[in-house]
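Q: I would like a close look at one part of this model. Please keep the answer connected and to the point.

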Amino acid sequence: MTVDRSTLWPYKDGEPGEFIYQRYGHPAGVEAERQLGELDGGHALLFSSGSGAATALVLTFLSSGDTIALAEGAYFGTGVLFRELERWGLRVVEFDQTGAPPGGVDLVWLEAPSNPFLTMPDLEAAAAHPARVVVDATAATPIYLRPIEHGADFVLHSATKYLGGHDDTLLGVVVSKRAEDAERLKEFRTRSGIVAAPDPCTFLLRGLETLEPRVRRQTESATELAKRLEGHPAVHRVRFAGIGGLLSFDVTGADEARHVETSLRLITNATSLGGVSSVLEARARWEGDRVPPGLLRLSVGLEPLEELWADLAQALEIPGDFHARK
Ligand code: PLP
């Protein structure tokens, strides 16, 4: 794949052409945005990361004194970001996204399914709310959910995860339902410089070629692993939304979770999700009391199912776990 890394393109006869200066746009980004717009049924814009996309969205459409209703249990970093922005007059309230959002808010922020609690939002109730609705559909992917068809105004993805798919691309995307919203967001992106570089966009284009077979296979494996984990004596609870390759399960406590993390042979003990290689971690190290101390988040990759199960089963042989359920 050839990558045009130019930061400038010569004018022709004194006139700027389609590409002018990289911060305004570049060929790999424009092509990836075309494909992402088709996948979600809207107008896509890429950003330097999922968090960069969230920052741009909030700073473009909200003002000091405005309130976001944020889904409880959504990606930890999203709440941390919004609380950082409280210094600039943003307000945040959390709510249970399986029901209707609270009144008197200016933006509703949902996550489908939430990471790492795996709840699904009530999209119909949110669409009936007067405020604009954002759905972070990172874990669902457009293969399983197209939130704009359910009344959302914006879809956000950390493209670092399933869309890129290979753990080598940090990117975010916002897909707007309305062209005029995308125009305004693009204007802010150009001014703020929260832009995606050509190389990650090229990796994203490669990832998009295999998105559908990857996530379908990951979902199949995750469905079977969730079922087997449900029946495992060391596992107290399993959370899985039935779509995508992300699930979480609880072992007794922090020591048991550490045992599982450090006993893995095939699955990588690391953060992040959505890649072709399976990854597991105890989320309490980042999220503290917000999650049970024994909560393990598993992102199921493309390894053979039986190899994944064998690895989990041997790691779940936890010595001294007297509190195991069965
Ligand atoms: N949204 C969700 C659901 C995530 O899981 C993450 C990262 O883990 C983000 C957004 C932030 O994305 P990024 O790490 O690309 O900034």
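Which residues is V135 in contact with, leaving aside its neighbours within four places in sequence?

A: This is a predicted model. Beyond its sequence neighbours within four places, V135 is in contact with L110, A112 and L123. The list goes on with P147, A152, F154, V155 and L156.

V135 belongs to the largest nonpolar core, which has 41 residues. V135 is listed there with L36, L46, V108, L110, L163 and L204 as the residues with the most contacts inside this core. L110 therefore appears twice: as a contact of V135, and in that list of the residues with the most contacts, by the core definition a set of buried residues.

Several elements build this core. Helices α1 (27-40), α4 (123-127), α7 (198-209) and α8 (211-230) each supply at least two residues. So do strands β1 (43-47), β4 (107-111), β5 (132-136) and β7 (172-176). The largest share, four residues, comes from α7. The core also draws on two domains: at least three residues come from each of domain 1 (27-209) and domain 2 (212-324).

Another core lies apart from this one. It has 28 residues, among them F47, A54, L90 and V134.

One charged residue deserves a look too. E287 sits in helix α10 (residues 284-287). E287 is buried, because its relative accessible area is 5% and the cut-off is under 20%. Its side chain makes a polar contact with the side chain of R283, at 2.8 Å. Not counting residues up to four places away in sequence, E287 touches F76 and P116.

Technical notes: Residues numbered from 1 in each chain as written. Predicted model: local features only at pLDDT ≥ 70, side-chain atom pairs only at ≥ 80, totals over all residues. Heavy atoms only, no water. Core = buried A, V, L, I, M, F, W, Y, C linked by side-chain atoms within 4.5 Å. Buried < 20%, exposed > 50% of the residue type's maximum accessible area, 1.4 Å probe, protein only. Domains from an automatic or database assignment. Contact = heavy atoms within 4.5 Å. Polar contact = N/O pair within 3.5 Å; in protein donor to acceptor, adjacent residues only side chain to side chain.
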